[in-house]
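Here is a quick tour of one protein model for someone seeing it for the first time. Have a look at the sequence and the structure, then read on.

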Amino acid sequence: MTHSDPATAWRLVAEARRNARQHRHVAARRSYEHAIDRFRAIDDRFSVAALSLELASAISDEDSDAALWLIMQAVEAVVGAGGGYATIEAAIPLQERILARIDDESAAAVRAETDALLTDYGTENPRSPAGSSG
């Protein structure tokens, strides 16, 4: 189980962060993606979510579509696991920062998709005025 054990995943995270510090962005992104896959293989949804948000933040300026997809993956991972409100609270402002740079129609579609996901799982929505999903 070499490729899906937690130690391998955490080594990939360390490698990704090291590459990011050294401005080796392509290598960092590849390592993050492999680490996320490893955590997904061992069903560690909270690590998947945290690393997805970390990578989304790192690439949001250069690849907003991929960053938005990663944010949705993070939200879906934690709501599917029945928790992770802190992850959602971190995801929504990052998502909003990216959405501010794209057209209104596309931004509204992404918000609606995220809000529907939160509602489907009965998860509080930090974007709603009362901080609830309705």
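## Around Ile-88

Setting aside neighbours within four places in sequence, Ile-88 is in contact with Val-78, Val-79, Leu-118, Thr-123, Glu-124 and Pro-126, where contact means heavy atoms within 4.5 Å. Keep in mind that this is a predicted model, with local features needing pLDDT of at least 70, side-chain atom pairs counting only at pLDDT 80 or more, and totals for chains, interfaces and linings using all residues. Residues are numbered from 1 along each chain as its sequence is written, and side-chain values use heavy atoms, with hydrogens and water left out.

Ile-88 sits in helix H5 (residues 85–99); helices here are DSSP runs of H or I, at least four residues, numbered from the N terminus. Glu-54 is 34 residues away from Ile-88 in sequence, and their C-alpha atoms are 13 Å apart in space.

Another residue to look up is Ser-52, over in helix H3. Not counting residues up to four places away in sequence, Ser-52 touches Ile-36, Leu-70 and Ala-74.

Are these two residues buried or exposed? Buried means under 20% relative accessible area, exposed over 50%, and partly exposed in between (1.4 Å probe, protein chains only).

| Residue | Relative accessible area | Status |
|---|---|---|
| Ile-88 | 0% | buried |
| Ser-52 | 1% | buried |

Now for helix H2. Its 17 residues (25–41) should span 24 Å at 1.5 Å a residue, and the end C-alpha atoms are indeed 24 Å apart, which agrees. The expected span is 1.5 Å times one less than the number of residues.

Ala-27, Ala-28, Ser-31, Tyr-32, Ala-35, Ile-36 and Phe-39 are buried in H2. The helices that these buried residues pack against are H1 (6–21), H3 (45–59) and H4 (64–80). After H2 comes Asp-43, with a positive phi near 60°.

How do H2 and H3 sit together? They pack at an angle of about 165°, and their axes are 9 Å apart. That makes H2 roughly antiparallel to H3, a label for angles over 145 degrees. The axes are lines fitted to C-alpha atoms over the stretch in contact, with angles running from 0 to 180 degrees between N-to-C directions.

On the H2 side, the residues that meet H3 include Arg-29, Tyr-32 and Ile-36, and on the H3 side their partners include Leu-51, Ser-52 and Glu-54. The residues of this contact divide into 8 nonpolar, 2 polar and 4 charged.

Definitions and conventions: Helices (H or I, at least four residues) and strands (E, at least two) are DSSP runs, numbered from the N terminus. Angles under 35 degrees count as roughly parallel, over 145 as roughly antiparallel, 65 to 115 as roughly perpendicular and the rest as oblique. Ala, Val, Leu, Ile, Met, Phe, Trp, Tyr, Cys and Pro count as nonpolar, Asp, Glu, Lys and Arg as charged, and the others, Gly among them, as polar.
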